[in-house]
Amino acid sequence: MEGSLYAQLADKMTEQIRHGAIAIGERMPSVRHLSRQERVSISTVMAAYSLLEERGWVEARPKSGYYACRQIREALAVPSASVVEPDPVIASTSQLVMDVQRDGFKPHAINFCRATPALDFPISRHLRQTYTRLSRTQQHLGVSCLPEGPYVLRQQIARHAMDAGVAVSPDSIVTTAGSLNAMGLCLQVLTRPGDLVAVESPCYYGILQLIEAYGLKAIEVPTHPETGLSLEALKLAMEQWPLKVILTVPSFSNPLGCSIPDERKKALVRLLEQYQVPLIEDDVYGDLYFGTHRPGAIKAFDKQGLVLLCSSLSKTIDPQLRVGWVLAGRYYEEILHRKFVNMLSTPVLPQLVCAEVLGQGIYERHLRQAREAYRQRYQRLVDLVSETFPAITKISRPQGGIVAWLEMPENFDSTELYHFCRNAGVLIAPGEIFSINKQFKHCFRLNYAPRWTREREAAIRKLGQWISDQIEKP
Ligand SMILES: Cc1ncc(COP(=O)(O)O)c(C=O)c1O
C-alpha cells in the first residue's frame, strides 16, 4: 500500500499539512487541478483524498471539495526520563525475554515485537544473488578463516567507520557473529563475575541477558528520552562505585530511540579518561538516521583506546547474516583470543558476501532507501497512535532506528497487555524486560520497520482499543 501512487500522493499532502504549507481549514487543491499538477489520473487523486480522509487529515464538504483538518491529536507527549536510583543489582531477567524472542518467529502473528529491519528492500535480492554466486566461485567449505575475519571485510568495515568519524586500521578489527556476540566477547575480557556494569535505563534486553549470563551486576543509569544516558548520573555512579565498564547504545538506542548529542559524547570520553573506565559502544542503529547526517560514534573522540565499538549488519540489512564486528581499541589482542577460544572463527561465506555488498555502493543506496522508508513508517505509526490510542499515551521521538517506546499511566500493566495481544495474534515487547528492576511495566516497545499493510494498521487500531479497555477497567 505504502509504495502505491495514491499513498505516495497522500503522504506528500500530509507533509504539506503537517508543515503548514496548507493551513488547517484551507481548501485543498481540486481533484482536477491536482491530477494535472501531479500528472496522475483522477482516480489516483480520489484514492489519495479518501486515504487522507480515512487518516483524518482532510474532510469532504458537500459541493465544496476537501478541506485540511487536524482531527487527530498530533502532540502526544514524549515518555518521561527514567528516574532510577543507580544501585547495583544482580541482573535477573525472566522467562518472558525468551518468550518474546520466540514469539518473533510465529508465522501468522502480526509482529511488532522484534527489533528487526524490513526485509523487502532490493538489497535482499542482491544478497541472495551474491550468496549464490560466491558459494559457487569461492572456496568456503573446508577452509578455515583467521579468527579476526577476512581482510576484505575488515577493510570495508574500516572504510565505513569513517562515516561515523572513526579512523581505524583493518588490523584492529575483529569480526564476530553479530553485535551481541561482540559485546559478549568484550564483557568476557573486561569483567569477572560480580563486577559492576553501568547500562542505560531502559536497556535493550539482550544486553541485560548478557550481564546475567556472566554473573555481573548492572547499574541502571537514568536516561533521557531524547538525549540519552545522563552523564551527570553516570559521573555520580563512577564516583560511588567501582564500575568495570559502561555499556551504551548512544545513537538511536533500543528501546527509547534517543541519541547522545555529539558534544556530550565528547564529554563522556573525558569522563572515561578521568576514571580510566572502558566503554562498550553498541552502534547497530547509527546508519539509520532520519536527519541529514550520521551521528558520530563515541569512539571518534577516543584517543586512549578505551572505547570498544561493536556493530553489525543485523539492523541495516538482515540479522540472519550474523555478521558483526568489534573495533577493540587497546583490548584488541585479548578480544581476538576470546573469539578464538569461543568459536575459533565465524563462517567465511556470509562475511565474503557482506564484504562485497559493502564494497559496491549498493549498501549506501540501500541505506538511503531504508532511512526514508523508516522515517515515513514511524510517522505513520504516530498518526495511527494519535488516532486510536488514549490521549494519555506518550510516544518516543526517535530520530533514527526502527523502534518506538510507548508509555502509559503508572498503573498500566503492559505484561498483561502482552499476554492478551499474543492470544489475539498481535505481538508487542512488554516494558518490564528492558530493566532489571522491572520498572517499565507501564511501557512497551513497537517495531515500525515493516511496510504498513491494512493488517498491520488494523492491529494498531485494535491495540489502541485494548489499551483503552484496560485503562477503563474498574
Ligand atoms: C541495541 C541492540 N544491540 C544489539 C542487538 C543484536 O544485534 P546482532 O543481531 O548484531 O547481534 C540488538 C537487537 O535487537 C539491539 O537492539
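Visitor: Which residues are linked with D283 in a network of salt bridges?

Guide: D283, D287 and R294 are linked in such a network. Side chains of opposite charge can pair when their charged atoms come close. The cut-off for a salt bridge is a side-chain nitrogen of Lys or Arg within 4 Å of a carboxyl oxygen of Asp or Glu. By this rule the count is 18. The model is predicted: local features need pLDDT of at least 70, side-chain atom pairs count only at pLDDT 80 or more, and totals for chains, interfaces and linings use all residues. Residues are numbered from 1 along each chain as its sequence is written, and side-chain values use heavy atoms, with hydrogens and water left out.

Visitor: Which residue forms a salt bridge with E356?

Guide: R133 does, with the closest N and O atoms 2.4 Å apart. E356 sits in helix α12 (residues 348-359) and R133 in helix α5 (residues 122-137), so the pair ties together parts 223 residues apart in sequence. Helices here are DSSP runs of H or I, at least four residues, numbered from the N terminus.

Visitor: Is R133 buried or exposed?

Guide: Neither: R133 is partly exposed, at 38% relative accessibility. Buried means under 20% relative accessible area, exposed over 50%, partly exposed in between (1.4 Å probe, protein chains only).

Visitor: Where do E387 and R461 lie?

Guide: E387 is in helix α13 and R461 in helix α15 (residues 454-472), 74 residues apart. Their side chains meet in a salt bridge of 3.8 Å, N to O. E387 is partly exposed at 24%, and R461 at 28%.

Visitor: What is the nearest side chain of opposite charge to R371?

Guide: E364, 4.8 Å away; R371 is buried yet has no salt bridge. In the charge count, Lys and Arg are positive, Asp and Glu negative; His and the chain ends are left out. R371 lies in helix α13 (residues 362-388). A polar contact of 3.3 Å joins its side chain to that of Y289. Such a contact is a pair of N or O atoms within 3.5 Å; within protein, one must be able to donate a hydrogen and the other to accept it, and residues adjacent in sequence count only if both atoms are side-chain atoms.

Visitor: Which residues come nearest to the ligand?

Guide: Of the 15 residues around the ligand, N254, D282, Y285, S312 and K315 come nearest. A residue is near if one of its heavy atoms lies within 4 Å. An N or O atom in the N254 side chain is 2.7 Å from a ligand oxygen.

Note on methods: Helix = DSSP H or I, 4+ residues; strand = E, 2+ residues; numbered from the N terminus.
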